Amino acid sequence: MPELPEVETVRRTLESLVIGKEIKDVSIFWPNIIKSPAQPEQFRDALIGQTIHGIGRRGKFLIFYLDDYAMVSHLRMEGKYALQEKDTPYDKHTHVIFSFRDGTELRYRDVRKFGTMHLFSKGEEESQQPLMHLGPEPFSKEFTAEYLSSRLLKTSRKIKPVLLDQSVVVGIGNIYVDEALFRAGIHPERIASSLNEAEIKVLRQEIVDTLSQAVEKGGSTIRTYLNSQGEMGMFQLELYVYGKKGEACKRCGTEVVKLTVGGRGTHICPSCQKLHD
Ligand code: ZN
C-alpha cells in the first residue's frame, strides 16, 4: 500500500499533469469506488464543468481541489492515476475516467478495486469521514515530541501498532514504521508507554527524516508502485530492514529477522533493536 512518500510523489506528479484542466465528462465503470455522494450519477454531474485548481494530500489521501468541490481519493493497495490521450485504449482495470476539455483523460486504474473516492462541497472535506479523525501530519509543527509523548504514554499497546494508527500520526504504513523504529533503535513490541523522553525524541526525528528522505527519492517501489508518470521510486535502495529478512544489518551485520507484530509482518535487527536490556 502506498504510504505518505508514495502518495506525496503521486500528488506532485499529478499536479504537474492536471492543474487547470476542465472536466467535460466522467465515466464510472465500477461504481463501488465512489463512496459519496451515494449515487455515482451525482458524483458525475457535480464534476462536469469543474476545473482542477490544486491537489493536496492528507496522510495517505489525495485531495483534488475543484471550483466548488473537493474530491478525496485513497489509492489503497493498487490504485493508480495516469493522464492519457482520449483515444488511447484502456483495460478492464480502469474504473473511473475523468475526460478533460483538451482531449486528455485522467484514468483511475485499480486491479484490486479497494480504492475510494469521496466528493464534498469545498471546505467540508476535513470535517467528514474519511479525513475527520486523522492525526497530525508528520511534517507539521503539531507533530512535536511532546505531542507524540502525550499519545504514547496513555496507551498500553505496542509501539508499532500505535504508530500505524492514523489518528496518532498520519501517513505511516508497514514499510516506514519498520524503518523508523530500526533507525531509532526501538523494538516494535516495546509497550508505547515504556518509551522514555529521549527515545520519543529520537523516534519522532527518525519518523520525520525517514519520510522526508523517502519523499526526496520519489517513494519506495515495492511490488507495483509507480508515480503518475509511470516512474519508479528509488527509496527502496535506502531501506535498512523492510523486506531484508536474512540479510546482514547495514549497521551491525546481524541477520535481519521477520516477526509478526499486531498481525503485521515486521522486520527488525535483533541487535540494534532490543526488547529488553
Ligand atoms: Zn543491526
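**Exercises on a two-domain predicted model**

Across the interface of domain 1 and domain 2, five residue pairs are in polar contact, both residues at pLDDT 80 or more; a polar contact is a pair of N or O atoms within 3.5 Å, where within protein one must be able to donate a hydrogen and the other to accept it, and residues adjacent in sequence count only if both atoms are side-chain atoms. The model is predicted: local features need pLDDT of at least 70, side-chain atom pairs count only at pLDDT 80 or more, and totals for chains, interfaces and linings use all residues. Residues are numbered from 1 along each chain as its sequence is written, and side-chain values use heavy atoms, with hydrogens and water left out.

**Exercise 1.** Describe the interface of domain 1 and domain 2.

*Solution.*
- Step 1. Domain 1 covers 4-127 and domain 2 covers 145-268, with bounds from an automatic or database domain assignment.
- Step 2. The contact (heavy atoms within 4.5 Å) takes 19 residues from each of domain 1 and domain 2.
- Step 3. About 1500 Å² is buried between the domains, 59% of it on carbon and sulfur atoms; this is the accessible area (1.4 Å probe) that two parts lose on being put together, summed over both.
- Step 4. The count of salt bridges between the domains is zero, a salt bridge being a side-chain nitrogen of Lys or Arg within 4 Å of a carboxyl oxygen of Asp or Glu.

**Exercise 2.** State the environment of His95.

*Solution.*
- Step 1. His95 belongs to strand S7 (residues 94-100); strands (E, at least two residues) and helices (H or I, at least four) are DSSP runs, numbered from the N terminus.
- Step 2. The relative accessible area of His95 is 2%, so His95 is buried, the limit being under 20% with a 1.4 Å probe and protein chains only.
- Step 3. A polar atom of the His95 side chain lies 3.1 Å from the backbone oxygen of His93.
- Step 4. Leaving aside residues up to four places away in sequence, His95 touches Ser27, Ile28, Phe29, Trp30, Ile33, Tyr108, Asp110 and Lys113.

**Exercise 3.** Determine how far helix H5 is covered and what its buried residues pack against.

*Solution.*
- Step 1. In H5 (residues 174-184), eleven of eleven residues are buried, among them Tyr176, Asp178, Glu179 and Arg183.
- Step 2. These buried residues of H5 pack against H1, helix H4 (159-164), helix H6 (197-216) and strand S11 (264-268).
- Step 3. Gly185 follows H5 and has a positive phi, near 70°.

Note on methods: Buried means under 20% relative accessible area, exposed over 50%, partly exposed in between (1.4 Å probe, protein chains only).
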